[in-house]
Amino acid sequence: MHVTHLSLADFRSYARVEVPLDPGVSVFVGANGQGKTNLVEAVGYLATLGSHRVSSDAPLVRVGAERAVVRAAVRQGERRQLVELELNPGKANRARINRSSQVRPRDVLGIIRTVLFAPEDLALVKGDPGERRRFLDELITARSPRMAGVRSDYDRVLKQRNTLLKTAAMARRHGGRAMDLSTLDVWDQHLAHTGAELLAQRLDLVATLQPLAVKAYEQLAPGGGPVTLEYRGSAGGDDQLPAGREELREQLLGALAEVRKQEIERGVTLVGPHRDDLGLKLGPMPAKGYASHGESWSYALALRLASYDLLRAEGNEPVLVLDDVFAELDARRRERLAELVAPGEQVLVTAAVDDDVPGVLAGARYAVSDGAVERV
């Protein structure tokens, strides 16, 4: 699968730009602030409905514009599709597939799949648990686009449950009448149902990703490691998470019952997938706090390479995006990473200086400057 044409209107710094693309390697070169990352960010947005740089859509719309449009023509074998998203901050986004307007934004998921390497990836190792949960959930959705609906349902139920708990907590603190919390049992059931589905997918993903991450780390840092991925559930210890959905649902219900008193006091849901973490170990020690800067980079890159190998093995090779990542690496890791990704069906690279890009990544070159993108 590869993108054959990218079109942006009022997206980030671009009033309008048209970029024809070929399979293989395409390198976008330009000084910082010229808009090269905006191009690959747009491709990533079509794949995930989110940005790897910001958490909301508002910064993606060009200053002074009301909306932005991201459109891409995609080819997979003999099949061609046109996918489009209209970003409307503060309102519902709109989507079109092959110029049909009768689709939801999440219906475009799966048409384009990406694996993105970026300086922000260091947060996978050094950042808070939310970074690792996002990594897992985006990869789950890439594998199975229907999981976007499950994630949305879980977030909706969690919000409703937290609202009820917060109201109850405020009433207790101000000496008001005790609230009728019978509806909390209903929300517990909904949370456990959707949470169990999300947990089952995460556990399967971690088990599948483990050997791929070991292999990728060894390729990037021979003799280092080993690396170990451990799912850490808030509803049980590392070795207490069952594999079946029904068992997971029952465990979540039991955990919610155990902490209900604390939840009512604090006004927030204390257990569930939204509180879980992915433990990353390097050798016998946790990578966070113990791995060196170089080891942390290798670990983060290994997670991305493992993701790429997983998606490719499942039949639809993703677009590889390397956003200004070579400037962050030493020469040895730079060359190893380039050699590993060079055979990809489509590899999009951004760099401030062309010399930062290893020679093995030969292909099309684009100059990006002041809102213009020109093939050179």
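Two strands count as paired if DSSP finds at least two bridges between them. In this predicted model, strand E1 (residues 2-11) pairs with strand E4 (residues 68-76) in the antiparallel sense, over seven bridges. This briefing covers strand E1 and its partners, then the crossing of helices H5 and H9.

**Strand E1 and its partners**

- Seven of the ten residues of E1 are buried, so the strand is largely enclosed by the rest of the structure.
- Within the pairing of E1 with E4, Ser7 has Arg71 of E4 as its bridge partner.
- E1 is also joined to strand E2 (residues 14-20) by six bridges, and these two strands run antiparallel.
- Phe11 has Tyr14 of E2 as its bridge partner.
- E1 and E2 make a hairpin with two residues between them. Arg12, in the turn, has a positive phi of about 55°.
- In a regular strand, side chains alternate between the two faces of the sheet.

**Helices H5 and H9**

- Helix H5 (residues 182-220) and helix H9 (residues 293-313) have axes that come within 7 Å and cross at roughly 125°.
- Angles from 65 to 115 degrees count as roughly perpendicular and those over 145 as roughly antiparallel; H5 and H9 are therefore oblique to each other.
- The crossing of H5 past H9 is right-handed.
- On the H5 side, the residues making the contact include Leu205, Leu209, Leu212 and Tyr217. On the H9 side, they include Glu295, Tyr299, Leu305 and Asp309.
- By class, the contact of H5 with H9 has 13 nonpolar, three polar and two charged residues.

Technical notes. Residues are numbered from 1 along each chain as its sequence is written. This is a predicted model: local features need pLDDT of at least 70, side-chain atom pairs count only at pLDDT 80 or more; totals for chains, interfaces and linings use all residues. Side-chain values use heavy atoms; hydrogens and water are left out. Buried means under 20% relative accessible area, exposed over 50%, partly exposed in between (1.4 Å probe, protein chains only). Helices (H or I, at least four residues) and strands (E, at least two) are DSSP runs, numbered from the N terminus. Axes are lines fitted to C-alpha atoms, for helices over the stretch in contact, and angles run from 0 to 180 degrees between N-to-C directions. Angles under 35 degrees count as roughly parallel, over 145 as roughly antiparallel, 65 to 115 as roughly perpendicular and the rest as oblique. A crossing is left-handed if the near helix is turned anticlockwise from the far one by less than a right angle, and right-handed if clockwise. Contact means heavy atoms within 4.5 Å. Ala, Val, Leu, Ile, Met, Phe, Trp, Tyr, Cys and Pro count as nonpolar, Asp, Glu, Lys and Arg as charged, and the others, Gly among them, as polar.
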